[in-house]
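Reader: I'm new to this structure and would like a close look at just one part of it. Could you walk me through the place where the two domains meet?

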Amino acid sequence: MSVTPVSSSSFRFLRSEAVASLNLEVQEYEHIQTGAKHFHLAAAQEEKVFLVAFRTMPQDSSGVAHILEHTALCGSERFPVRDPFFMMTRRSLNTFMNAFTSSDWTAYPFASLNPKDFDNLLDVYLDAAFFSRLDPMDFAQEGHRVEFAEPNNPESDLVYKGVVFNEMKGAMSSPTSTLWQTFTKYLFPETTYHHNSGGEPASIPDLTYEQLREFYASHYHPSNAVFMTFGDLDVAALQEKIHQQALSNFERSDIELKVPDEKRYFAPVRVEEAYALDQEDLSKQTHHVLGWLLPRSIDVDALMKAHLLERVLLDNSSSPLLAALESSTLGTGPSPLCGLEDSNREMSFVCGLEGSEPEDAAAVEQLILDTLQKVADEGVDPRSVAAQLHQLELSQREITGDGMPFGLQLILAGMSAAIHRGDPVSVLNIDPALAKLREAVKDADFIPNLIRE
Ligand SMILES: [Zn+2]
């Protein structure tokens, strides 16, 4: 793997960095004509992975990014059939095929062990991403439409239907999802995370077909695309195919989509909102959560510090914050939201209680602040910090699965940084950051200072 990487003439080679702990080399390229990024994770692995991702930053909760992800898969210029993806899922030898909509990106990954199959899937994926048909009927099917409640009875009520509409009705009926959406709405008052990227059932019907097309044209553009690949691949041949079949048809766009730093509040904000509940008895149905907006997730040192602090505070029943929440009689247990959120451009930390009462809000807040103050004043047992650092190290090295191909997990680990215009190599190669942490924790004030910050 010490050969100088060869790029196709349509891509410019930028750099190559070895990641010893993962036994791979990350190569970075840029498409000359459009500025599309390509990160190739070169590894001697039979299973090859491809992913194309776009920065998708909705400015409302109409679910436009999510509905687009569904509709893009419903046929393209070269594959005008109703559902080319479903056909390929059955026929191909793929080990993974899917599409994801996150809070600020949409990605289309696949993996295969067979080179010919990989090539066929690449044809379908490139065409779906860059030359999607976006048929109005597919939009109605996947997004929203109005139908009679009883299909054959024109006297019956009109109701909203649609794959995404129904999906989100299901998803948002869970109190935890509603709590998270409500919470992020206040934690992020101005950036894209303020909105529900999956779509709020009440807002989904506001989305028009023209808005969907417009979002597609501005967001699914090569200048806004990040390609990521993994495995033992002929990079130059792959890039030539991507260029010929897709990117060569586009001019560079000067729209640079990015998430800015979120606005900070001058003082703590306290809000109270309601969620739908199917029962009369409201006792023990209240959730109280506290949250903080943290530094950028693309800063690997800040990221590792935040992960360590999360572990020290919440890892197990003897961790100070979890212990306080578990033993409190103000609720039935710690909130399912407890923990660090590191996929957005700026991280957040949340903790709280579920199964509480509205009048206990101030007491829960005091409990959490007192616990943090105590840790800041008294510090933590250095042995538990060392143990948590060791656990953190193991968790970052050990790629466990979730049934996803190994290469795709590595790609997803680096993708958030690539999407946020950070450095995916620094997130994949965490050894330098770990070495700094090992040095930093020798100072007994390290954890207390992090809490104060
Ligand atoms: Zn969906």
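Author: Here is a walk through the contact between the two domains, with a short stop at the zinc ion afterwards. Keep in mind that this is a predicted model.

Let's start with the layout. Domain 1 covers residues 1–258, and domain 2 covers 286–452. Taken over C-alpha atoms, their centres sit 29 Å apart. On the domain 1 side, 41 residues take part in the contact, and domain 2 brings 36 residues. Together the two domains bury about 3300 Å² between them, and carbon and sulfur atoms give 75% of that area.

What about the polar side of things? There is 1 salt bridge between domain 1 and domain 2. Look for Asp423 and Arg15: their side chains meet in a salt bridge, at 2.6 Å from N to O. You'll also find 7 residue pairs in polar contact across the two domains, counting pairs with both residues at pLDDT 80 or more. Several elements of domain 1 supply at least two residues each to the side that touches domain 2, among them the strands β1 (11–19), β2 (24–31) and β10 (225–231), plus helix α6 (175–187). Of the elements on that side, α6 gives the most, with 6 residues.

Now for the zinc ion. Its protein donors are His66 (NE2), His70 (NE2) and Glu167 (OE), at 2.0 to 2.1 Å. Along the chain, the donors follow the spacing H-x3-H-x96-E. His66 and His70 both belong to helix α1 (residues 64–72), where they are 4 residues apart, about one turn of the helix. Both His66 and His70 are buried, too.

Conventions:
Residues are numbered from 1 along each chain as its sequence is written. This is a predicted model: local features need pLDDT of at least 70, side-chain atom pairs count only at pLDDT 80 or more; totals for chains, interfaces and linings use all residues. Side-chain values use heavy atoms; hydrogens and water are left out. Donors are N, O and S atoms within 2.8 Å of the metal (3.2 Å for Na, K and Ca); water is not among the atoms, so sites may look incomplete. Buried means under 20% relative accessible area, exposed over 50%, partly exposed in between (1.4 Å probe, protein chains only). Domain bounds come from an automatic or database domain assignment. Contact means heavy atoms within 4.5 Å. Buried area is the accessible area (1.4 Å probe) that two parts lose on being put together, summed over both. A salt bridge is a side-chain nitrogen of Lys or Arg within 4 Å of a carboxyl oxygen of Asp or Glu. A polar contact is a pair of N or O atoms within 3.5 Å; within protein, one must be able to donate a hydrogen and the other to accept it, and residues adjacent in sequence count only if both atoms are side-chain atoms.
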